[in-house]
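Here are my notes on this model, as numbered points. Have the structure open while you read.

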Amino acid sequence: DNLSRALQVQASMVLFAATARVARQGACSLSLARVAVPLVQKRTFIASADDYGTHLFKGAVADAYLAKQGLPAGLLDDPSWTKTSADKVAAAVMEWANAKGASVFTHWFQPLGASGVRHGMTGQVHNAMFVFGNDGKPTFSLSGKELLKGETDGSSYPSGGMRATHTAGGYTVLDPTSPIFCRGDTVYIPSVFVSFYGDALDEKTPLLRAMQAISKEGTRLLKNLGYECGSVFPNIGLEQEFFLVPRKEYYRRPDLQFTGRTILGKSAPRGQEMCDHYMGPLNPIAAACIAEIQHECFMMGIPLKTRHREVAPNQYECAPFFGTATTQIDQNLMVMQVMDEVAARHGLACLLQEKPFTGVNGSGKHNNFSLGTDTGVNLLNPASIHKKSGKAEIFPILMSAIVRAVDEYSDLMRMAIASPGNDFRLGACEAPPAIVSTYL
């Protein structure tokens, strides 16, 4: 009996100790979970179609505020407003921003050398929209001059050492081809970034110059073929692939944190050999994260229409409707920033580097390209251009010109995508090979 009671007491002590240990671990795990994965408000992607673009100063949203300043609907479609109505447009922007709870603005630009390093890959200096009156009290204010132009330090960018000290400033100028939008308490004004002498210090200025050249030569060619239009511009649709991984595991990998990709370690025991991830059902945790990403983008007028699983484990893709090149690139930069920040709120890390893991596919940003006119004609759609112009020869001539351009300038096209991260990805089974080819 004594032995039996002693064994019962010992067993009870062991059970108590085990229970206490589990309780402590559970409390610790719960506490860590609260820190690592904050409570996230569930957001339906499309709660209402009326929500689309409410944080984008364009179309009907902008027209309602422009009308209060005595300006006509559709004013922003003509860039000449920057010379005639800047102060009134600035007043309309400020009223719209205040209605959205925003009181700060920034000229939002794309500095050279930012790719793969800078968070969001954009530059921005935030300025509050207020001034002090004679009585010392602040009042909301945004002038046309402040809306159109800004000045900041350009000396600390890669090209800063090439300029004299007294010309080392950087100057931002509003880009009227890309609409103003709002996120949080900040109004984002898409801008170019140039030097004291007007040299491009950003990625956008060369793009706008290239688009201007396409329009000039495109309209000239069409006119010679008997079809006249006001402008020709490139439309693109940027698919965005990415990985979502548990954030606690991400913090255990300094290589992922510092470079965006794994540099050492073993491959996973199983990768994409079975091809069972592609187009499969979304992981519920990832689905909730992506839904919130789409919701934020929807409010800013970014039409992320498609979402699906990609080939590699934990790899996904979002794709928007197509749009003009400059707007699509601006929107894609914001999409990547939103992905990064929203993923953190869901206890995940979003990996946007082109090749984070060896042995499985990397993440592409496939660029679907076409040419359009100001009258809404898709020049790479033979039925569309034939119906509008009545001339069957226009489409094959345009295609011949494009094939000739790819053949003549393939080295420039290859250089345009030749970043260290992307070269790890190109080739094999996941992307266009390093050889540029054209199929008709």
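1. One definition before the sheets: two strands are taken to pair if DSSP finds at least two bridges between them. By that rule strand 11 (residues 240–246) and strand 13 (residues 315–320) are partners, since four bridges join them and they run antiparallel. Within this pairing, E241 sits opposite E317 of strand 13. Bear in mind throughout that this is a predicted model.

2. Those two strands belong to an open sheet of four, with the order 12-13-11-15 and antiparallel pairing. Strand 12 (304–309) and strand 15 (348–351) are at the edges with a single partner strand each, so one side of each has no neighbour in the sheet. On average, and ignoring direction, neighbouring strands here are turned by 30 degrees against each other.

3. What packs on this sheet? Helix 9 (residues 284–299) does, touching strand 11, strand 12, strand 13 and strand 15. The direction of helix 9 makes about 165 degrees with that of strand 12. Helix 10 also lies across strand 11, strand 12, strand 13 and strand 15, and runs at about 155 degrees to strand 15.

4. Now the open sheet of three strands, ordered 14-10-16 and paired antiparallel. Its edges are strand 14 (323–324) and strand 16 (367–373), each with a single partner strand, so one side of each is left without a neighbour in the sheet. Strand 10 (residues 232–238) is joined to strand 16 by seven bridges, and the two run antiparallel. As an example of the register, F233 has G372 in strand 16 as its bridge partner.

5. Helix 10 (residues 325–345) turns up again here: it packs on the three-stranded sheet, touching strand 10 and strand 14. The direction of helix 10 makes about 25 degrees with that of strand 10. Helix 6 (residues 204–224) lies across strand 10 and strand 16, running at about 125 degrees to strand 10.

6. Strand 9 (residues 186–194) deserves a slow look. How many of its residues are buried? Nine of nine, so to speak both faces are covered: T186, Y188, P190, V192 and V194 point one way, V187, I189, S191 and F193 the other way, and all are buried.

7. The partners of strand 9 come in both senses. Strand 2 runs parallel to strand 9, with five bridges between them, and H107 has I189 as its bridge partner. Strand 7 pairs with strand 9 in the antiparallel sense over four bridges, with L174 partnered by S191. Strand 8 (residues 180–183) is also antiparallel to strand 9, over three bridges, and C182 has V187 as its bridge partner. The hairpin of strand 8 and strand 9 has two residues between the strands, and there G184 takes a positive phi near 65 degrees.

8. T172, in strand 7 (residues 169–174), is buried at 5% relative accessible area. Leaving aside neighbours within four places in sequence, T172 is in contact with residues including H107, F109, L148, S191 and F193.

9. On aromatics, a search of the whole structure finds twelve pairs. One of them is W108 with Y188: the ring centres are 6.0 Å apart and the planes stand at 85 degrees, so this pair is edge-to-face. W108 lies in strand 2 (residues 104–108) and Y188 in strand 9, so the pair ties together parts 80 residues apart in sequence. Both rings belong to buried residues, with relative accessible areas of 3% for W108 and 5% for Y188. Ring pairs also bring in F181, giving a cluster of W108, F181 and Y188.

10. Helix 12 (residues 394–408) has 15 residues and reaches 21 Å from first C-alpha to last, close to the 21 Å expected. Its buried residues are I394, L398, M399 and V406. Seen down the axis of helix 12, these fall within an arc of 130 degrees, so they line one face. They pack against helix 6, helix 11 (382–389) and helix 13 (410–416), while R404 and D407 are exposed on the other side.

11. Last, helix 4 (residues 86–99): 14 residues reaching 20 Å, close to the 20 Å expected. Its buried residues are A86, V89, A90, A92, V93, M94, W96 and A97. After helix 4 comes G101, with a positive phi near 80 degrees.

How values were computed:
Residues are numbered from 1 along each chain as its sequence is written. This is a predicted model: local features need pLDDT of at least 70, side-chain atom pairs count only at pLDDT 80 or more; totals for chains, interfaces and linings use all residues. Side-chain values use heavy atoms; hydrogens and water are left out. Contact means heavy atoms within 4.5 Å. Axes are lines fitted to C-alpha atoms, for helices over the stretch in contact, and angles run from 0 to 180 degrees between N-to-C directions. The expected span of a helix is 1.5 Å times one less than its number of residues. Buried means under 20% relative accessible area, exposed over 50%, partly exposed in between (1.4 Å probe, protein chains only). The arc is that of the directions from the helix axis to the C-beta atoms. Rings of Phe, Tyr and Trp (its six-membered ring) pair if their centres lie within 6.5 Å; planes under 30 degrees apart count as stacked, over 60 as edge-to-face and the rest as tilted.
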